[in-house]
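User: I am new to this structure and would be grateful for a close look at a single part of it. Please place that part in its wider setting as well.

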Amino acid sequence: MVTSAGSRKARYGLTLASSLLWLSLLPPALAVAQSGPTVTPGSVSLSGPTRSSVEGSVTFQASAQDPNGTALYQFWVQEPNGQWVDAQNYSQSSSFTLSTPSAGNYLVAVDVLDKSQVAAGDWAAAQTTLPDGVFVQSAVTVSASTTDAPAGTSIVLTATAQHIFDPVYQFWWEQNGQWHQSGAYQSSSTFSFTPPGSGAVTYVAYAKSPLAANNPHGALMSLVGTTTEYGMASAVAVSLASPTVVADGVATDTVTVTVQDSNHNTVANFNGSVVVTGSSSLVNFGGQEGPATVSITSGVGTIQLDVPPGGGGATYTVSADHLQSAATSAGGAAGQSQAANVSYASAVVSALVPQAASLTVTPMLPSLANNFANSDTVWVGLNDQAANADSTSVGRYVTLTLAGPGSFSPSGTQTTESVYIPRGTSQASAQVYDVQAGSGSITVSAASSGLAGASATIALDEVRAANHLAISTSQVFVNGSAYTEYQIEVVDQNGNLVTTGAGAAATFMLQDNTQHAQLYYYPDPVETTHGLSLGTRYTSSNISSDSILTTSGLATVYVSTDYTHTATNPTITVTDTTTGYTATAPYDFAAPVNGYAVLAPAWMKTMFHETRNGDQPSGFSVLAGHSTTVSAQLTNQFGTPVAQAGQPIWFDLLQPTTGTAILPNGASHSGDLYEAFTNGQGVATIEVSTPSGAAANRHDHFAFRVYGQADLGHSFYTMSSARQVRRAWKTDKYTVVPASSYATSLHVNFSEDHSSISHSNWPGTGNLSAGSKVYGLDLQAFNALGAPVVFNHYWNNGGDGLVVTSSNSGVASFHPNGFDVRSFGVSNQWFTSDEWYTGDNATTLYMKPLVLGHAGTATITIQDVSNPTVPPVSFTVTVVPGPATSGPAVELNGSPISDANPLTLNTNQAQELQVVNVDAGGDPIPNSTGHALAVTLPTPPSGFVWRTTAAGPTSSGSVTVDIPVSASSAPVWLVGTTSGATTDEPISGSDT
């Protein structure tokens, strides 16, 4: 047995192909004759576990036929290191248990002899099997060199084996239902192939050890991978994220356009655009009406679709068209090819009429303190099918239910409530109270028939012992004056107000560090009809220790000052004399301003009027025989509007000229007040009528004074008798203009005496040259009777001001720098910088020269903003290219070098420029001389040299560039000689 065992181990190391091969490898001396019974040839088999990776002990079962004798079995194992070992010597046991403690693949083979053959040492007669085995923590993976590529691209598969001894590999791939094999198992872990057409490619790899069975049972298989080879773009597919969209103006759907080849594969490197169109103008794309261009990246593009309110209840078709490929990169980009005839698909979306579908429950506060019956406002909302707020449904009742220590009433007993959401609104509210000393949380649930319900939770914070003071501040507006409100609270460690127990009853002492000014404290305000009465005023030096008391942990103090000069802002210190807690807060010195601001009529512009001498009138024009809207805005001390409704504001006519204005209550002179109340935005508005014969000349006027509660009866609140009286009132002046002097239309004329362009050419088309100017344009104003109206040249004191707008300032403008909008006043001084000229109170206004730039079309619009009810007047200018100048321009990226278009180069870096034959407006002009136009360029800027060809040579002096016949430009190169050399100076050549 010892001798034969060694030879068998060597034999397994060579091959396990068949028992006949083994026999041929034995030395002749070992091939002894048979004696006695033998194992039937071909009857030996071996079965083990499946080839999946396992761990632990596994059993192999062998069988053989030995009709006249006793079969003996010997088991061999190839371990993960490749070595064969005699694992179980010849015995009658036909099973073998293999322990697999370490990772790797194990092969098991069996020899079978009759008992008499073993006794005779007839080893060559052994019947054997192909190896069977098991994998422990083994695996094989495979990857492709690309996930998508144009048709005809070679694909390289790479396999990686883990815990397989000396692995060999076999690859399979499939396209369009046809499977292909890489050939016999090979030691190379890579395989390259080229699919014959376009379409998805499926691939897989097998790995095994060399002696394992050459079939799927003897190898591990990887996961299946896929890649795609695509052809040219030949179709565009359209799909929607959802087949429906709610027509509520908010909900959107996503349209996806996919560029495909003839096999419906995504052309994954196609970049470009496609146009999507809806079958109705009600279909919006990207928030815009009409067709939309969708950018395509890697074969796919998306855009948002929505249908506005009113478009529900219909079905719309979304179609694609006009596929365009983006420009390819240098050398051409693969995959950008496009078929001559591209097919386009469409998709259908149903627009749903919005209707209530679900409820929402939203508490304003996430938590409540349980110190007393605090309340939280809970909003109950209706949502449509897209979960957007729905205000289109009919009125609906919603039942609210509470769980936990909460109630819909302060008494703490009501746990259900019905709220009504009216038609045209999307929500209603209810108050939820916590129960005294409650803990945990309150759950608010909402339900309504046919709608999905909702719920929300309000947490309850347990109030603990007093821990510190907290101060919060806010700017308030009380009785026409500004104050800062300080709220002082005794709070626990979590910031909850302490209302019971130690610290709830407190006495606060206030101090500040003011030096040159006093702060005034009002600790006991009283509610009145129109707001607060602030009561007793204290300073830090005279406030008593018991002036600010609280029995609920909370006190409020209003603070003001009469100090209006720049100074260091003081600090207010609050001390709780009961607990000793202190807290500080800053005070911001700010000069008080008027509490009410008079607003100009809604149709009135004021940009050409100046306010003079503080509260003096500022000069708005009002047409006799018409009504005028006058508004007053409530503000805080910083001039910020205060949106406080129901506040009274009084309007007073301040010394009007007789018969010029009448208030709504018939008042027509000073002292007759009209009371108006502010709306939700803090604005009070009145209509003032002006009789048709109110004025004999345009300088008659009236003025308003507007003031609030503290100023009623002219008892203006005085901050300090030693300082300037600050009033919460404002005046504004309105000039009444009689109809005969009131312009109703404007007209532009041409004055031949002031122009080099003949009258017959104005305004004309195709005859105004770029770079020229148009002189002699006049403006006239006419009243409703067709008579001319005098322009008032005292424009800064209430006269006429004009705004001129150019639709294309690069083509035409009244300013040489091409402003789109230009403001002008009227003066009797000839063409000052901001004015146009009239004679002394003349009816004709001489306009500045109109500067013509590039070729094109521009519309000039003139509006009298002193009287915006007059329609503006417009005229259109068409500018054509003029003759070429003798100084061709050098341009960078289509524009002359300038501050806005500078050139920066590093050492030896070259930039191609264009020498352009231009007219006076800068437009390119073709060379029509019949020969090459020689342009001499000057010495280049410092840090640069010229090249007349891309390769050189260079020149540090002047160079000549030829512009060919019929061409408008020729290239020239500027090369940097110094790193970071920059020029922003225009360069022009001379036509030689």
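Is D306 buried or exposed?

Analyst: The model is a predicted one, and the account below should be read in that light. D306 is buried, because its relative accessible area is 11%, and a residue counts as buried when that value is under 20%. The place of D306 is in strand β25, which spans residues 300-306. Leaving aside residues up to four places away in sequence, D306 touches A251, T252, L282, V283, N284 and G287.

The strand that holds D306 also has a part in the largest nonpolar core, since β25 is among the strands that each supply at least two residues of this core. The others are β18 (233-240), β19 (244-246), β20 (253-260), β21 (272-278), β24 (292-296), β26 (314-325) and β28 (346-352). The core has 33 residues, and V255, V257, V274, F285, L305 and L323 touch the most other members. In soluble globular proteins, nonpolar side chains tend to be buried together. One of the residues just named, L323, is in contact with A233, V236, V259, F270, S273, V274, I296, Q338, V342 and Y344, when residues up to four places away in sequence are not counted. A second, separate core consists of 31 residues, including L746, A812, M847 and I862.

R423 offers a contrast with D306. R423 is exposed, with a relative accessible area of 58%, whereas D306 is buried. R423 lies in the loop between β34 (416-421) and β35 (427-434). Beyond its neighbours within four places in sequence, R423 is in contact with T392, S393, V394 and G395. The C-alpha atoms of R423 and T392 are separated by 6.6 Å, although these residues are 31 residues apart along the chain.

Other strands show how pairing is arranged elsewhere. In strand β41 (residues 519-522), L519 and Y521 point one way and Y520 and Y522 the other way, and all are buried. Strand β41 runs antiparallel to β45 (residues 554-561), to which 4 bridges join it. Within this pair, Y521 stands opposite V559. A further example is an open sheet of 3 strands, in the order β76-β73-β79 and with antiparallel pairing. Its edge strands, β76 (959-963) and β79 (990-991), each pair on one side only. Strand β73 (residues 933-937) pairs with β79 over 2 bridges, and V935 stands opposite D991 there.

The protein as a whole has 3 helices and 79 strands. Buried residues make up 45% of its 992 residues. Of the contacts between residues at least 6 apart in sequence, 68% join residues at least 24 apart. The accessible surface comes to about 44800 Å², and carbon and sulfur atoms account for 50% of that area.

Confidence in the prediction remains to be described. The mean pLDDT of the protein is 77, and 76% of the residues reach 70 or more. Among the elements, β20 has the highest mean pLDDT, at 96, and helix α2 (residues 19-25) the lowest, at 35. The pLDDT is below 50 over residues 709-729, a stretch that has 50 contacts in the model beyond near neighbours in sequence. Over residues 794-798 the pLDDT is also below 50, and this stretch has 14 such contacts.

Notes:
Residues are numbered from 1 along each chain as its sequence is written. This is a predicted model: local features need pLDDT of at least 70, side-chain atom pairs count only at pLDDT 80 or more; totals for chains, interfaces and linings use all residues. Side-chain values use heavy atoms; hydrogens and water are left out. Two strands pair if DSSP finds at least two bridges between them. A nonpolar core is a set of buried Ala, Val, Leu, Ile, Met, Phe, Trp, Tyr and Cys residues joined through side-chain atoms within 4.5 Å. Buried means under 20% relative accessible area, exposed over 50%, partly exposed in between (1.4 Å probe, protein chains only). Contact means heavy atoms within 4.5 Å. pLDDT is the predictor's confidence in each residue, from 0 to 100. Accessible areas come from the Shrake-Rupley method with a 1.4 Å probe; for residues, only the protein chains shown count as cover.
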